[in-house]
Amino acid sequence: MLLAPMSPAGMSAIFTGRRTYDLTGGWGGEQPLGDAPVFVVTHSPPATVPAGRTSFTFVDGVRAAVEQARHAAGDKDVSVIGGASIARQCMIAGLLDEIQIHLTPAIPGQGIRLIDDLDGNEISAMQTRVLEAPGVTHLRYRVVR
Ligand SMILES: NC(=O)c1ccc[n+]([C@@H]2O[C@H](COP(=O)([O-])OP(=O)(O)OC[C@H]3O[C@@H](n4cnc5c(N)ncnc54)[C@H](OP(=O)(O)O)[C@@H]3O)[C@@H](O)[C@H]2O)c1
């Protein structure tokens, strides 16, 4: 399972949080990374979803949502569109195989930390790619178990 995909290649299901879903308005029913179904973790599913080609499934609990997304993805990857809360929960649960960070030089001065209080779980990762582009550096790490 990946965190923060850079491209849809090899990806076949998306996992995200309810706040991200709400902020994007369910991407207007058409998530922008292709045809992959979207699994949204929430304690209370919405009554309706936007009409469009994307299928949305609302699941209570990170592990349960990941299991359903994995089933839908088959032998392809599940991508996490995080959301610090989701990312942190996935890290603690040991659900991530790869972490992709798209680093920009904007410092907002506040916000939720991506990596904070991992319940004592230490994560080892191996850097597998650094890609520089104007205004952004794309970083990729493989989680080492
Ligand atoms: N940089 C990026 O790549 C990127 C990507 C996506 C989003 N973002 C940003 O990240 C922010 C959103 O992230 P966020 O961390 O605030 O929220 P989020 O992860 O999108 O959603 C949090 C919500 O997910 C549900 N949830 C979380 N854990 C759950 C669990 N274990 N069981 C059931 N439901 C659970 C809860 O919804 P309910 O309250 O409905 O239960 C919770 O309020 C936004 O600012 C967005 O712009 C950044």
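**Close-up views of the ligand site and the chain**

**View 1. The ligand beside T42 and T20.** In the side chain of T42, an N or O atom is 2.6 Å from an oxygen atom of the ligand. The structure is a predicted model, in which local features need pLDDT of at least 70 and side-chain atom pairs count only at pLDDT 80 or more, while totals for chains, interfaces and linings use all residues. Residues are numbered from 1 along each chain as its sequence is written, and side-chain values use heavy atoms, with hydrogens and water left out. T20 also approaches the ligand: an N or O atom of its side chain lies 2.5 Å from a ligand oxygen atom. Both pairs are polar contacts (N or O atoms within 3.5 Å).

**View 2. Q89 and the cover over the ligand.** A polar side-chain atom of Q89 is found 2.9 Å from a nitrogen atom of the ligand. On its own, the ligand has 930 Å² of accessible area (Shrake-Rupley method, 1.4 Å probe), and the protein covers 65% of this area.

**View 3. The shell around the ligand.** The ligand is surrounded by 18 residues (each with a heavy atom within 4 Å). The closest are T20, T42, H43, G82 and Q89. Sorted by class, the shell holds six nonpolar, nine polar and three charged residues (Asp, Glu, Lys and Arg count as charged, and Gly as polar). Helices α1 (18–24) and α3 (84–92) each contribute at least two residues to this shell (helices are DSSP runs of H or I with at least four residues, and strands are E runs with at least two).

**View 4. Two loop residues with positive phi.** W27 is located in the loop between α1 and β3 (38–41). Its phi is near 50°, a positive value in a residue other than glycine. D119 belongs to the loop between β6 (98–103) and β7 (124–133). Although D119 is not a glycine, its phi is positive, at about 55°.

**View 5. Confidence along the chain.** The chain has a mean pLDDT (the predictor's confidence in each residue, from 0 to 100) of 89, and 92% of its residues reach 70 or more. Confidence is lowest in strand β1 (residues 2–3), with a mean of 59. Strand β4 (residues 56–59) has the highest confidence, at 97.

How values were computed. A polar contact is a pair of N or O atoms within 3.5 Å; within protein, one must be able to donate a hydrogen and the other to accept it, and residues adjacent in sequence count only if both atoms are side-chain atoms.
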